[in-house]
Amino acid sequence: MQPASQTNGKINLDPDNAEHGLAQLVLTVIELLRQIVERHAIRRVEGGTLTDEQIENLGEALMNLEEKMEELKEIFGLDADDLNIDLGPLGSLL
Amino acid sequence: MDGLIYLYGLIPAHESRERTLPSLKGFDGRGEIYTIPIGSITALVCNLDPHEYSEDSIKDKTNNDMEWLQEKAFHHHETVLKLSKMYTIIPLKFCTLYMNQTSLEKTVRDHEAKMMDTFELLTGNEEWNLKIYCDDELLKTKVSQNNPVLEAKRAEISELPKGKQFFEKKKLDKLLESELEEEKNKVSEKIHEHLKEFALKGNVKKTWGSNVTGRKDDMTWNGVYLIGDSKVEEFLGQIQQYEKDMKETGWRFEASGPWPAYHFSSFSK
């Protein structure tokens, strides 16, 4: 499998390499959602409305999610920049 | 005289009398660049066809024809650079056009005193640019190792249960990011202030994003300096010294020049 770092923030969907481009696209969406969830959780924790137990559970779940994401990136040969796709005039996704 | 006039730059009239303008192709690639004496100032110009280079057609080409824009911007830059090596020049911005010779002459006469002051400022001095880049990851390691606040915080976090650790680590990362930005600004500003001692003037420009520089490391400083001819070597030597001393902590220095003094000639503002 080709490393995706050559794509420079663009999703590579050429016919011979479509599955890799697709993996990059799927992981990009998952990473976006993960970061949204994480930011929301941090706001909740800082808001002071959660119990210690809830904070502990939430933190552990997010930590596991982050670790899983790292594993998946490694499996597909992607790094953080590959998931931060270029949205042209809108800037970068993440 | 109704022809459109493209203005490259303005030079002191006596310099134009002392050194003959070499043969240079104009903006349209057909005509030649020539001089128009206006009192104690000489304008370096070429003629353009008013139909081919109307305001609308230039706007359209600039926005839609990248190849044209690249070729013409390169022509402007190369021409002004060549002229700046021969004369004390007030360089004009890309596509500075006058409707006719009369309107150019009027503008020059209206600003003559200011321009003469600018010539005086530019004589014997050169404009140099310094871009400072920084590898965030390398510097982050350094900032985080030498910071007692961060060290203490890290020790405190390691005592917490796993879930809480996650949130505290995120907070720490955020703190580290802001410390990093602060450090980058502090170091760059200090260097800028030091380099200003070699220069007559030093100005700060906007830094460029990595989409413009095409580099992985971050541009932390973009400065322009007006330096006396005799001080240039010292200025560059100092930058080399910075590069040598700070390379290992992720800093890179890129000095370039001498440039036409775009940033220190008031007529171009």
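In this predicted model, a good place to begin is chain B, where 4 strands form an open sheet in the order 7-8-6-9, with antiparallel pairing. The edges of this sheet are strand 7 (201–204) and strand 9 (251–259) of chain B, each of which pairs on one side only, and the twist from one strand to the next averages 20 degrees. If you follow strand 7 of chain B to its partner, you find that 4 bridges join it to strand 8 (residues 218–228) of chain B, the two running antiparallel. Within this region, Val204(B) stands opposite Gly223(B), which belongs to strand 8 of chain B.

A helix accompanies these strands. Helix 8 (residues 162–196) of chain B lies across strand 6 (125–134), strand 7 and strand 8 of chain B, and its direction makes an angle of about 10 degrees with strand 8 of chain B.

Stepping back to the whole of chain B, the domain assignment divides it into domain 1 (2–120) and domain 2 (126–264), and the centres of these two domains, taken over C-alpha atoms, are separated by 37 Å.

The next thing to look for is the nonpolar cores. In soluble globular proteins, nonpolar side chains tend to be buried together. Here the largest nonpolar core has 23 residues, and those with the most contacts inside it include Tyr6(B), Leu7(B), Tyr8(B) and Leu10(B), as well as Ala43(B), Leu44(B) and Val45(B). Strand 1 (4–12), strand 3 (41–48), helix 3 (66–86) and helix 4 (101–110) of chain B each supply at least two residues of this core. Apart from it lies another core, of 22 residues, among them Trp128(B), Leu195(B), Val224(B) and Trp251(B). To see one residue of the largest core in its surroundings, take Tyr8(B), which, leaving aside residues up to four places away in sequence, touches Ile33(B), Leu44(B), Val45(B), Thr79(B), Val80(B), Leu83(B) and Leu92(B).

Chain A can now be added to the picture. Its secondary structure comes to 3 helices and 0 strands, giving the pattern α-α-α along the sequence. Of its 94 residues, 13% count as buried, and among contacts in chain A between residues at least 6 apart in sequence, 61% join residues at least 24 apart.

Finally, the two chains meet where 10 residues of chain A are in contact with 8 residues of chain B. On the side of chain A that touches chain B, helix 1 (18–47) and helix 2 (52–75) of chain A each supply at least two residues, and helix 2 of chain A gives the most, with 8 residues. By class, this side of chain A has 6 nonpolar, 2 polar and 2 charged residues.

Definitions and conventions
Residues numbered from 1 in each chain as written. Chains lettered and ligands numbered in written order. Predicted model: local features only at pLDDT ≥ 70, side-chain atom pairs only at ≥ 80, totals over all residues. Contact = placed C-beta atoms within 7 Å. Nonpolar A, V, L, I, M, F, W, Y, C, P; charged D, E, K, R; others polar. Buried ≥ 20, exposed ≤ 12 C-beta atoms within 10 Å, placed from the backbone. Core = buried A, V, L, I, M, F, W, Y, C linked by C-beta atoms within 7 Å. Domains from an automatic or database assignment. Pairing = 2+ DSSP bridges. Axes fitted to C-alpha atoms, helices over the stretch in contact; angles between N-to-C directions.
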